[in-house]
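Thank you for making time this morning. I would like to walk you through one structure, going from its strands to its core and then to a few unusual spots in the backbone.

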Amino acid sequence: MLVIFHSILRFSHEGYGRTTSLSKIFKGKEPAPLVPEAYYFPPSEPNATLAVDRRANATFIILARNTDINGVVRSVRDIEDRFNSARGYPYVFLNDEPFTDEFKERVSVLSGSLMEFGEIPRDHWYQPDWIDEDKATKLRQKMEEENIIYGGSKSYRNMCRFNSGFFYKHPLMQKYRWYWRIEPEVHFHCDLHFDPFLFMEDNNKVYGWTITMYEFEKTIPSLWGHVRDFMRMHPEYVAEENAMGFLSHDGGNKYNLCHFWSNFEIADMNFWRGPAYTAFFEYLDSRGGFYYERWGDAPVHSIAAAIFANKSQLHFFDEIGYEHNPYTHCPQRKETWQRGRCSCDMSRSFDYDGYSCMRQWDDFMKS
Ligand SMILES: Nc1nc2c(ncn2[C@@H]2O[C@H](COP(=O)(O)OP(=O)(O)OP(=O)(O)O)[C@@H](O)[C@H]2O)c(=O)[nH]1
Ligand SMILES: [Mg+2]
């Protein structure tokens, strides 16, 4: 299955074909920084009290359809067992239709935490009227003919635009600052005995991730041009110590397609709600590329985080063993893997696969 996927990618994605063969798996890099002991619970050191009695203003967010119920149950079961039964963070479930009673009942039984189920306002989900539907239809057909994944799907585009610019505006999300995004049918492979929200809050982080990879260029042909235009119009939003060096090897002229895989995100909604991202999303949205192309929330979020935040505010969580088919991140150090009682295979971690951008991240962080 993975080999087939790999072969498809080799032919369909030039960046992938250039940099990889299955035998080319890189290891032995300097491991990423770990979350300090002080954030672990129960405390294993006398001064390890930072996370014991505190909780962040945070929630899990799960966007799902009623038909995703079995996958949602598996994901929630995993995160409860590995982390949240000891922490009790709430959940917000969002859907473009009302959730069924069956969905709510099967999910609610999994945790004692607050669970809220919301419907997405129509204008946060559906294609805006000013999009030229004839043009959009033709472009979708073209992408489908070119076998671009989800190229022909309108609902996938609604989802990507919603995740880019609307989830944090939902009334149920207003009371929270931090979120952890979870999708149906993902797996958490390690016990998590620290609180990532508190770690991020105390250390002035805005965006946490576990997997980074190349985007399919054909889904975002004009995106980078618009990003550059926006940066020229709004230099005041560009962070001084930004992470442009992770996105581009020539100072921002060309995008190298690296982005964080946004099906996992732990992030600060103050960042998305702030003036830089608000203006950025509105500008991108006005260009129509969520519908005329197939812009994903992953490159949109990643590019914004890398440009409007300082590089020290982006955090790679090595400790969080995470799987979204077909890729898994497994901790890079044996001690972390043992401590987390991880069920993933360290030797199959995606980090230094040819399609991963981890090497770019390492090089950039060292520079
Ligand atoms: N309510 C609702 N949720 C959706 C819809 N489409 C996608 N989602 C959710 O949006 C998230 C991303 O969708 P996925 O289909 O997993 O997209 P993906 O991760 O890019 O692709 P896969 O590799 O197929 O998982 C998941 O949480 C889905 O449940 C939709 O039309 N309605
Ligand atoms: Mg998915």
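**Strands, core and loops**

Let me begin with one pair of residues: Ala58 stands opposite Trp178 in S4. Before going further, I should say that this is a predicted model, in which local features need pLDDT of at least 70 and side-chain atom pairs count only at pLDDT 80 or more, while totals for chains, interfaces and linings use all residues. Residues are numbered from 1 along each chain as its sequence is written, and chains are lettered from A and ligands numbered from 1 in the order in which they are written.

The protein has 16 helices and 12 strands, where helices (H or I, at least four residues) and strands (E, at least two) are DSSP runs numbered from the N terminus. Strand S1, residues 58–63, pairs with strand S4, residues 178–181, in the parallel sense over 4 bridges; two strands pair if DSSP finds at least two bridges between them. S4 also pairs with strand S9, residues 265–268, here in the antiparallel sense and again over 4 bridges, and in S9 the bridge partner of Tyr179 is Ala267. S1 is joined to S2 by 4 bridges as well, and these two run parallel, with Leu63 standing opposite Leu94 in S2.

Strand S2, residues 91–95, is mostly covered, since 4 of its 5 residues are buried; a residue is buried if 20 or more other C-beta atoms lie within 10 Å of its own, exposed if 12 or fewer, and partly exposed in between, with C-beta atoms placed from the backbone. Across the 367 residues of the protein, 41% count as buried.

That brings us to the core. The largest nonpolar core (a set of buried Ala, Val, Leu, Ile, Met, Phe, Trp, Tyr and Cys residues joined through C-beta atoms within 7 Å) has 94 residues, and those with the most contacts inside it include Phe60, Ile61 and Phe167. Helix H14, residues 297–308, gives the most to this core, with 8 residues. Leaving aside neighbours within four places in sequence, Phe167 is in contact (C-beta atoms, placed from the backbone, within 7 Å) with Ile61, Leu63, Leu94, Phe162 and Met173.

Which residues of helix H9, residues 223–233, are buried? They are Leu223, Trp224, Val227 and Phe230. Seen down the axis of H9, these buried residues fall within an arc of 120°, so they line one face of the helix; the arc is that of the directions from the helix axis to the C-beta atoms. The face of H9 turned away from the buried side carries the exposed residues Asp229, Arg232 and Met233, whereas the buried residues pack against helix H12, helix H13 and H14.

Finally, some backbone details. S5, S11 and S12 form an open sheet in the order S5-S11-S12, with antiparallel pairing. Strands S5 and S12 stand at the edges, each with a single partner strand, so one side of each is left without a neighbour in the sheet. In the loop between S11 and S12 lies Pro326, which a cis peptide bond joins to Asn325, with omega about 5°. Leu257, a residue other than glycine, has a positive phi near 75°, and Leu257 is buried, with 21 other C-beta atoms within 10 Å.

Notes
Two residues are in contact if their C-beta atoms, placed from the backbone, lie within 7 Å.
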